[in-house]
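Here is a short set of exercises to work through with a structure on your screen. Try each task yourself before you read its solution.

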Amino acid sequence: MSDEKKGCAVMEQALTWLKVTDDWAIGGYQNKLPRMCYAAVGLVLILVIL
């Protein structure tokens, strides 16, 4: 497998992982957001802090 195809496969796996919505609840709040939302919020917070 070429390096380009490996990179595409890794990117597809990462996007698939980010689109998953985890099943958890805290204090009556049931999670309905995919992991990508939390990753984006975390990235914005890191940029604001720096």
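The exercises below move from the overall fold to individual side-chain contacts, and they use a predicted model.

**Exercise 1: Fold and dimensions**

Task: Work out how many helices and strands the protein chain has, and in which order the elements run.

Solution:
- Step 1. Start by counting: the protein chain contains two helices and two strands.
- Step 2. Now read from the N terminus on, and the order is α-β-β-α.
- Step 3. Turn to the dimensions. The C-alpha trace spans about 50 × 30 × 10 Å along its principal axes.
- Step 4. Set the radius of gyration against the globule rule: the protein chain has 15 Å, whereas a compact globule of 50 residues would have a value near 10 Å.

**Exercise 2: Surface and charge**

Task: Find what percentage of the 50 residues is buried, and describe the surface and the charges.

Solution:
- Step 1. Buried residues account for 4% of the 50 residues in the protein chain.
- Step 2. The accessible surface comes to about 4500 Å², and 69% of that belongs to carbon and sulfur atoms.
- Step 3. For the charges, count 5 positive and 5 negative side chains. The centres of these two sets lie 3 Å apart.

**Exercise 3: The aromatic rings**

Task: Search the whole structure for aromatic pairs and say which residues form one aromatic cluster.

Solution:
- Step 1. The search of the whole structure gives two aromatic pairs.
- Step 2. In one aromatic pair, Trp 24 and Tyr 29 sit 5.9 Å centre to centre with 55 degrees between the planes, and the pair is tilted.
- Step 3. Trp 24 also pairs with Tyr 38: the ring centres are 6.2 Å apart and the planes are at 50 degrees, so this pair is tilted.
- Step 4. Place that second contact on the fold. Trp 24 lies in the loop between helix 1 (3-18) and strand 1 (25-26), while Tyr 38 lies in helix 2 (residues 35-49); the pair links distant parts of the chain, 14 residues apart.
- Step 5. Put the contacts together: Trp 24, Tyr 29 and Tyr 38 make one aromatic cluster.
- Step 6. Check the exposure of each ring residue. Trp 24 has 29% relative accessibility, so it counts as partly exposed. Tyr 29, at 40%, is partly exposed, and Tyr 38 is partly exposed at 37%.

**Exercise 4: The salt bridge and its surroundings**

Task: Identify which residue forms a salt bridge with Asp 22, then look at Asp 23 in the loop.

Solution:
- Step 1. Recall the principle: side chains of opposite charge can pair when their charged atoms come close.
- Step 2. A search of the whole structure finds one salt bridge. Its partners are Asp 22 and Arg 35, with the closest N and O atoms 2.8 Å apart.
- Step 3. Locate the partners: Arg 35 is in helix 2 and Asp 22 is in the loop between helix 1 and strand 1, so this pair, 13 residues apart, links distant parts of the chain. Asp 22 is partly exposed, at 28% relative accessibility.
- Step 4. Asp 23 is also found in the loop between helix 1 and strand 1, and this residue is exposed, with a relative accessible area of 72%.
- Step 5. Finish with a backbone distance: the C-alpha atoms of Asp 23 and Pro 34 are separated by 9.9 Å, and the two residues are 11 residues apart along the chain.

Notes. Residues are numbered from 1 along each chain as its sequence is written. This is a predicted model: local features need pLDDT of at least 70, side-chain atom pairs count only at pLDDT 80 or more; totals for chains, interfaces and linings use all residues. Side-chain values use heavy atoms; hydrogens and water are left out. Rings of Phe, Tyr and Trp (its six-membered ring) pair if their centres lie within 6.5 Å; planes under 30 degrees apart count as stacked, over 60 as edge-to-face and the rest as tilted. Buried means under 20% relative accessible area, exposed over 50%, partly exposed in between (1.4 Å probe, protein chains only). Helices (H or I, at least four residues) and strands (E, at least two) are DSSP runs, numbered from the N terminus. A salt bridge is a side-chain nitrogen of Lys or Arg within 4 Å of a carboxyl oxygen of Asp or Glu. The radius of gyration is taken over C-alpha atoms; the globule rule is 2.2 Å times the number of residues to the power 0.38. Accessible areas come from the Shrake-Rupley method with a 1.4 Å probe; for residues, only the protein chains shown count as cover. Lys and Arg count as positive and Asp and Glu as negative; His and the chain ends are not counted. The place of a charge is taken as NZ of Lys, CZ of Arg, CG of Asp or CD of Glu.
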